[in-house]
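Trainee: I keep meeting labels and want to know what earns them. Can we go through some?
Mentor: Gladly. Ask about the label, and we will set the value against the cut-off.

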Amino acid sequence: MNSRPKRLRRCQLSVPGSSEKMMAKASQLEVDHVFLDLEDAVAPNAKAEARGMIVKALNTHDWKPKTLCVRINDVETHYCHDDIIEIVTGAGEKIDTIMLTKAKSAHDVKFLDLMLSQLEEKLNLKNRIGIECLIEEVEGIMNVEEIAASSDRLECLIFGMGDYSASQQMNLSSVGGDGGSYPPDIWHYPRYKMTIACRANGLDPVDGPYANFRNPDAHRTECERSNVLGMVGKWAIHPSQVEIAQEVFSPAAKAVESARKAKAAYAEAIQQGLGAINVDGIMVDAASVRILQNIIDKADLIGM
Ligand code: COA
Ligand code: MG
């Protein structure tokens, strides 16, 4: 039984923690999930100050109902432990999750897990802080199975194609781009592999950034590809990308209606001893009902 909190992650908006203006704007946006960044969107000489700015923004804005997350620097940097201590001490009750960058092994996640346990006890926090983890190093993809099983705080893995392409020394023209002439989809393998590891461990698989925010059509294509594979959402690095992701990762109202109809028809059919039936020209059996239940569960979580 998966006891992890169920959260919507159709879109995770990345917001630089060094920008008061962008954090204020993000608080007002309608988006499932926001993460305030201490890592790559913040220059090294601005990181220490950004911690305090994030704590202030978390404690002062009205964030509306959304999942609140802070992205921290990886465990091989000297920023990491101070990121965790300052954020949790200053705004532990406001955050739902912490996002760990560049995880390479289960140990990296366990380090954060232990730090959180110590801080929650010391600060007497009532909420239990979850972990989200970026898979964006070649070691991370190699060890994704042990990472996915590393902690019961873990809620979600994100495939971070920007750093990943650097780690593998891929030749691409932009972050999250499609590889140009490379057939057929350059991200297929890591997305597929990470999604399997997530599903086997009850985690949400999320797709990372598409940097060219002036190309909404290409961004939509990337959303559609990861949606088909079973991922639950994609990042936005700019407000204009939010609506596209929220829409693509929501089931169509018509699909929800026919899923509920077919499920009800099947429940009646099995009472009469039938295991496979015809609903509007489509065969429905026990496996189809499992597939339809995924649509219904997603719709219930969204409130459709
Ligand atoms: N979160 C919240 N607000 C954002 C935002 C974000 N990620 N990106 C842009 N905005 C705001 C801008 O401040 C601006 O607000 P305004 O209309 O009140 O002035 C508005 O949205 C339009 O922004 P625009 O002028 O089109 O873009 P920009 O040149 O200001 O910023 C980026 C472009 C790429 C620098 C900016 O989008 C950004 O920093 N994105 C996040 C980068 C990041 O987090 N990277 C790490 C993860 S990959
Ligand atoms: Mg990265």
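Trainee: Why is isoleucine 54 called buried or exposed?
Mentor: This is a predicted model, so the value is computed from predicted atoms. Isoleucine 54 has a relative accessible area of 0%. Buried means under 20%. Therefore isoleucine 54 is buried.

Trainee: Where is isoleucine 54, and which residues is isoleucine 54 in contact with?
Mentor: Isoleucine 54 sits in helix 2. Leaving aside neighbours within four places in sequence, its contacts are Gly17, Met23, Leu36, Asp37, Leu38, Val70 and Ile87. A contact needs heavy atoms within 4.5 Å. Glutamate 20 gives another view of the fold: it is 34 residues from isoleucine 54 in sequence, yet the two C-alpha atoms are 8.3 Å apart in space.

Trainee: What makes glutamate 49 buried or exposed?
Mentor: Its relative accessibility is 57%. Exposed means over 50%. So glutamate 49 counts as exposed. Glutamate 49 lies in helix 2, residues 47-60. Isoleucine 54 is in helix 2 as well.

Trainee: How far apart are glutamate 49 and serine 18, in sequence and in space?
Mentor: They are 31 residues apart in sequence. In space, C-alpha to C-alpha, they are 7.5 Å apart.

Trainee: Now aspartate 113. Why does aspartate 113 count as buried or exposed?
Mentor: Its relative accessibility is 14%. The buried cut-off is under 20%. So aspartate 113 counts as buried. Aspartate 113 is found in helix 4, residues 106-123. Beyond its neighbours within four places in sequence, aspartate 113 touches Ile131, Ser151 and Arg153.

Trainee: Which strands form a barrel, and in what order?
Mentor: 8 strands close into a barrel in the order 1-2-3-4-5-6-7-8, and the pairing is parallel. Neighbouring strands of this sheet are turned by 25° against each other on average, direction ignored.

Trainee: How do you know that strand 4 and strand 5 pair?
Mentor: Count the bridges. Pairing takes at least two. Strand 4 (residues 97-100) and strand 5 (residues 130-135) have 4 bridges, in the parallel sense. Isoleucine 98 stands opposite isoleucine 131 in strand 5, and methionine 99 has glutamate 132 as its bridge partner there.

Trainee: What joins strand 5 to strand 6?
Mentor: 5 bridges join them, and the strands run parallel. Glutamate 132 has cysteine 156 as its bridge partner in strand 6.

Trainee: What makes strand 5 largely enclosed by the rest of the structure?
Mentor: 6 of the 6 residues of strand 5 are buried, so the strand is largely enclosed by the rest of the structure. Look at the two faces. Gly130, Glu132 and Leu134 point one way, while Ile131, Cys133 and Ile135 point the other way, and all are buried.

Trainee: Which elements make a right-handed β-α-β unit with strand 4?
Mentor: Strand 4, helix 4 and strand 5 make that unit. For the handedness, point the strands away from you: in a right-handed crossover, the path from the first strand over the helix to the second runs clockwise. Strand 7, helix 9 (residues 216-229) and strand 8 make another right-handed β-α-β unit.

Trainee: How do you know that strand 7 pairs with strand 8?
Mentor: The pairing cut-off is at least two bridges. Strand 7 and strand 8 (residues 233-236) are paired over 2 bridges, in the parallel sense. Valine 206 has glycine 233 as its bridge partner in strand 8. With strand 6 (residues 154-159), strand 7 shares 4 bridges, again parallel. There, leucine 157 is partnered with proline 205.

Trainee: Which way do the residues of strand 7 point?
Mentor: Asp204 and Val206 point one way, and Pro205 and Asp207 the other, and all are buried.

Trainee: Last one. What makes the link between serine 14 and ligand 1 a polar contact?
Mentor: An N or O atom in the side chain of serine 14 is 2.5 Å from an oxygen atom of ligand 1. The cut-off is within 3.5 Å. The pair passes. Isoleucine 237 passes too: a polar backbone atom is 2.8 Å from a nitrogen atom of the ligand. For histidine 238, a polar side-chain atom lies 2.7 Å from an oxygen atom of ligand 1.

How values were computed. Residues numbered from 1 in each chain as written. Chains lettered and ligands numbered in written order. Predicted model: local features only at pLDDT ≥ 70, side-chain atom pairs only at ≥ 80, totals over all residues. Heavy atoms only, no water. Buried < 20%, exposed > 50% of the residue type's maximum accessible area, 1.4 Å probe, protein only. Axes fitted to C-alpha atoms, helices over the stretch in contact; angles between N-to-C directions. Polar contact = N/O pair within 3.5 Å; in protein donor to acceptor, adjacent residues only side chain to side chain.
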